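Me: I'm new to this structure and would like a close look at one part of it. Could you walk me through the empty spaces inside, and what surrounds them?

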Amino acid sequence: MELDGRVVVVTGGTRGVGAGIARSFLAAGAEVVVCARRPPEEPVSAGGRRASFAAVDLRDPAAVQDFFGAVAGRYGRLDCLVNNAGGTPYRLLGEGEAERHARVVELNLVAPMTASLAAYPWLREARGSVVMIGSVSGTRPSPGTAAYGAAKAGLENLARSMAVEWAPEVRVNSLVLGMVRTELTHLHYGDEAGVAAVAATVPLGRLAQPSEVGEAAVFLASGRAAYVSGASLLVHGGGERPAFLDAATVNKATANKATVNKATANKATVDKATANKES
């Protein structure tokens, strides 16, 4: 298999997007270690293979250092680190103290940097790679999750700087995610009607599946991406349709006129065909 013999760590890999990423790496043949503060309700597995789990708080540098030392001691190598752990509650800036927002930045930006630095010696030895899991929230306004958006913007810039500093031994890339359907989707978008309404704003007409994010991560970690470093791969279904297109009236009028003209032309063609048949 594509990643036979490779060792991969997926932070926050016990559920949602992280579990989808871990399963994709398992399916590609890699040995996978997932870490989080709490164990999964069920082991993360795919194709009869299972990821191992380690409890670690990524905000504790000493614990993170010990964790990667244990992984290297057990497997003898480390080929890829996927910095997936993160998240945020919905909180407007004015509704929380600076310390609360700072904790969001710590989890989504400082923790991935801490993990990357701890993993670096083994990644360098294996000529491996880092995959940062970013978000479109870092590329556009993010009301209600401003600290999260700022952290994800910083994460993408961090990845590009790391890619330069750590080349050629370690490649570093980012996956910039749009909306993904997980077991927690209802907390963000509501019931099925809400999910469908949100999905309708995406050009591809649906939310991503965790497995699709996983396949993109496997690609960036594989030999097929051997010359890809410092890149940001958009996994967002085409992004978002600009709101002004739906608000504007001139283009709608033009589009409606074009539809009418097309219908008239089609009717004329049918009438002509009917006349010829009758002749």
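Reply: Here is a tour of the cavities, followed by a short stop at the core. Keep in mind that this is a predicted model.

Rolling a probe the size of a water molecule over the atoms shows where empty space is left. Searching the whole structure this way turns up 3 cavities of 30 Å³ or more.

Start with the largest cavity, at about 50 Å³. Its lining is made up of Thr88, Pro89, Arg91, Leu93, His101, Val104, Gly144, Thr145, Ala146, Ala147 and Tyr148. Helix 3 and helix 4 (146-165) are the elements that give two or more residues to that lining, and helix 4 has the largest share, with 3 residues. Sorted by class, you get 6 nonpolar, 4 polar and 1 charged residues.

Next comes the second largest cavity, with a volume of about 40 Å³. Around it sit Met132, Gly134, Ser135, Lys152, Leu155, Glu156, Ser174 and Val176. Strand 7, helix 4 and strand 8 each chip in at least two of these lining residues. The class count here is 3 nonpolar, 3 polar and 2 charged.

Now for the core. The largest nonpolar core has 31 residues, and Val10 is one of those touching the most other members. Strand 7 (129-135) and strand 8 (171-177) are among the elements giving two or more residues to this core. Apart from it lies another core, of 30 residues, including Val7 and Val172.

Val10 also touches Asn84, a residue in the loop between strand 6 (80-83) and helix 3 (98-126). Asn84 counts as buried because its relative accessibility is 12%, under the 20% cut-off.

Definitions and conventions. Residues numbered from 1 in each chain as written. Predicted model: local features only at pLDDT ≥ 70, side-chain atom pairs only at ≥ 80, totals over all residues. Heavy atoms only, no water. Helix = DSSP H or I, 4+ residues; strand = E, 2+ residues; numbered from the N terminus. Buried < 20%, exposed > 50% of the residue type's maximum accessible area, 1.4 Å probe, protein only. Core = buried A, V, L, I, M, F, W, Y, C linked by side-chain atoms within 4.5 Å. Contact = heavy atoms within 4.5 Å. 1 Å grid on protein atoms, 1.4 Å probe; cavity = no way out; pocket = protein on both sides within 12 Å on 5 of 7 lines; lining within 4 Å. Points joined across faces, edges and corners; volume = space filled by probe spheres on them. Nonpolar A, V, L, I, M, F, W, Y, C, P; charged D, E, K, R; others polar. Lists of a residue's contacts leave out its neighbours within four places in sequence.
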